[in-house]
Amino acid sequence: MSDRDSAEEQPQGQGADLAMEDSGSEQEMRSQEDEGEIRGDVQELATKTLHIQSKKYYLDVKQNRRGRFLKIAEVPGRGPKKRLTLRMPAAAELRDYLTDFSEHYAQLGPANPDNIPEDGRIKSEQIISDNRRYYLDLKENNRGRFLKVSQTGDRGPRIQIAVPAQGLVEFKNALTELLEEFGTDDPSVEESQAPLPKSQQFWVENKHFFFDIGSNYRGVYMRISEVQPRSQYRTSITIPEKSWSRFRDTFTDYCSKMDELKKTHPNGGGAEGHSREQEEEGSGSRDAD
């Protein structure tokens with residue numbers, strides 16, 4: 001099961017409630033921006049309210065000492081509020097993908113309950129912003145079609161909202177108006193700063209590793225995350241840029257030492273083989289005695 005599917009959604013159809021499992025308590029879902037609002041150092045710049053079927057959505061542009069950001073809140077007919085936060089460049093990417101999704105949805109024929117995709121997924125995209133990933137999935141089930149947007153990071157639980165497919169154009173238009181008014185640039189990042197390297201990921205046996213480069217008011221950093229494929233449990237470490245060279249030198253040193261061990265102990269392949277040879281030598285000494 002992929003990282004994007006670790007939570008089970010309960011989508012909706014015409015006139016139905018977009019009920020989805022709560023990804024955690026309200027307190028758990030609070031982001032750093034929410035904590036800033038409690039302290040009073042977050043300024044609300046603009047807000048838009050949307051009513052789509054039985055649900056209400058709030059799109060808020062806010063600003064704190066790190067810069068401007070967009071908060072999207074979904075208020076279902078029943079159940080807790082769900083909230084996503086995006087930096088302005090990521091919000092611009094979301095706007096562009098909403099255009100693609102709405103156009104793709106318009107070209108689809110009538111829903112056929114007897115011909116639903118096996119995993120329900122019709123079209124998918126992904127946004128990476130610092131240490132956060134946003135998964136966008138246009139999906140279908142026997143109730144209808146909807147867009148699921150999931151936010152993951154190294155802290156806190158997965159957060160996700162769902163928007164009925166019939167409301168994608170209205171949602172996109174509201175977001176576009178906010179971006180036209182407040183821009184898509186991130187004021188917290190200086191114009192002179194060089195672009196950051198893109199994120200990378202790879203598998204080692206059954207483990208999935210992510211390498212994400214980000215920046216904040218403290219500087220540039222690297223976040224290395226390990227994701228267990230079954231439980232989707234994520235553990236991460238954050239390495240400031242000023243210490244990257246020390247980590248590199250340490251890794252290089254260990255790689256060189258392991259290469260030497262493999263040359264001198266070709267059968268053992270490293271420390272395990274070395275320990276095995278020591279045991280055999282000890283055993284031989286005892287037999288000689």
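In what order do the four strands of the open sheet stand, and is their pairing parallel or antiparallel? The order is β1-β2-β3-β4, and the pairing is antiparallel. The close-up views described below all come from a predicted model.

**Figure 1. Overview of the protein chain.** The protein chain, which is shown here as a predicted model, has six helices and 12 strands. Of its 289 residues, 40% count as buried, and the accessible surface of the chain comes to about 16800 Å², with 46% of that area belonging to carbon and sulfur atoms. Among the contacts with a separation of 6 or more, 48% are between residues that lie 24 or more positions apart. The structure also holds 11 salt bridges, and some of them appear in the later views.

**Figure 2. The open sheet of four strands, β1-β2-β3-β4.** The edges of this sheet are taken by β1 and by β4 (82–87), each of which has a single partner strand, so that one side of each is left without a neighbour in the sheet. Neighbouring strands of the sheet are turned against each other by 15° on average, with direction ignored. As background to this view, strands of a sheet pair through backbone hydrogen bonds, either parallel or antiparallel.

**Figure 3. The pairing of β1 with β2, and the helices that pack on the sheet.** Strand β1 and strand β2 (residues 55–64) run antiparallel and are joined by nine bridges. Within this pairing, Q43 has Q63 of β2 as its bridge partner, while L50 stands opposite Y57, which is also in β2. The two strands form a hairpin with two residues between them, and Q53, which lies in the turn, has a positive phi of about 55°. Nine bridges thus join β1 to β2, and helix α3 (residues 88–107) packs on the sheet by touching β2, β3 (67–75) and β4, with its direction making about 110° with that of β4. Helix α4 packs on the sheet as well, touching β1, β2 and β3, and the direction of α4 makes about 165° with that of β1.

**Figure 4. The salt bridge between K48 and E177.** In this pair, the closest N and O atoms are 2.7 Å apart. Because K48 lies in strand β1 (residues 43–52) and E177 in helix α4 (residues 168–182), the pair ties together parts that are 129 residues apart in sequence. K48 counts as partly exposed, at 24% relative accessibility, and E177 also counts as partly exposed, at 43% relative accessibility.

**Figure 5. The salt bridge between R121 and D137.** The side chains of these two residues meet at 3.1 Å, taken from N to O. The pair links distant parts of the chain, since R121 is in strand β5 (residues 121–129) and D137 is in strand β6 (residues 132–141), 16 residues apart. D137 has a relative accessible area of 0% and is therefore buried, a term that applies under 20% relative accessible area.

**Figure 6. A salt bridge within helix α5, between D253 and K257.** The closest N and O atoms of D253 and K257 are 3.2 Å apart. Both residues lie in helix α5 (residues 244–264), where they are four residues apart, about one turn of the helix. D253 counts as partly exposed at 36% relative accessibility, and K257 is likewise partly exposed, with a relative accessible area of 46%.

**Figure 7. A nonpolar surface patch made by I237, F247 and F251.** The patch has an area of about 310 Å². One of its residues, I237, has its place in strand β12 (residues 234–240). With a relative accessible area of 45%, I237 is partly exposed.

**Figure 8. Strand β8 and its pairing with β7.** Strand β8 (residues 159–164) is mostly covered, six of its six residues being buried. The cover extends to both faces of β8, with I159, I161 and V163 buried on one side and Q160, A162 and P164 buried on the other. Strand β7 (residues 144–152) runs antiparallel to β8 and is joined to β8 by six bridges. In this pairing, P164 of β8 is the bridge partner of F146.

Methods: Residues are numbered from 1 along each chain as its sequence is written. This is a predicted model: local features need pLDDT of at least 70, side-chain atom pairs count only at pLDDT 80 or more; totals for chains, interfaces and linings use all residues. Side-chain values use heavy atoms; hydrogens and water are left out. A salt bridge is a side-chain nitrogen of Lys or Arg within 4 Å of a carboxyl oxygen of Asp or Glu. Buried means under 20% relative accessible area, exposed over 50%, partly exposed in between (1.4 Å probe, protein chains only). Patches are made of residues with over 30% relative accessible area and no salt bridge: like charges are joined within 9 Å, nonpolar side chains (Val, Leu, Ile, Met, Phe, Trp, Tyr) within 5 Å. Accessible areas come from the Shrake-Rupley method with a 1.4 Å probe; for residues, only the protein chains shown count as cover. Two strands pair if DSSP finds at least two bridges between them. Axes are lines fitted to C-alpha atoms, for helices over the stretch in contact, and angles run from 0 to 180 degrees between N-to-C directions. Contact means heavy atoms within 4.5 Å.
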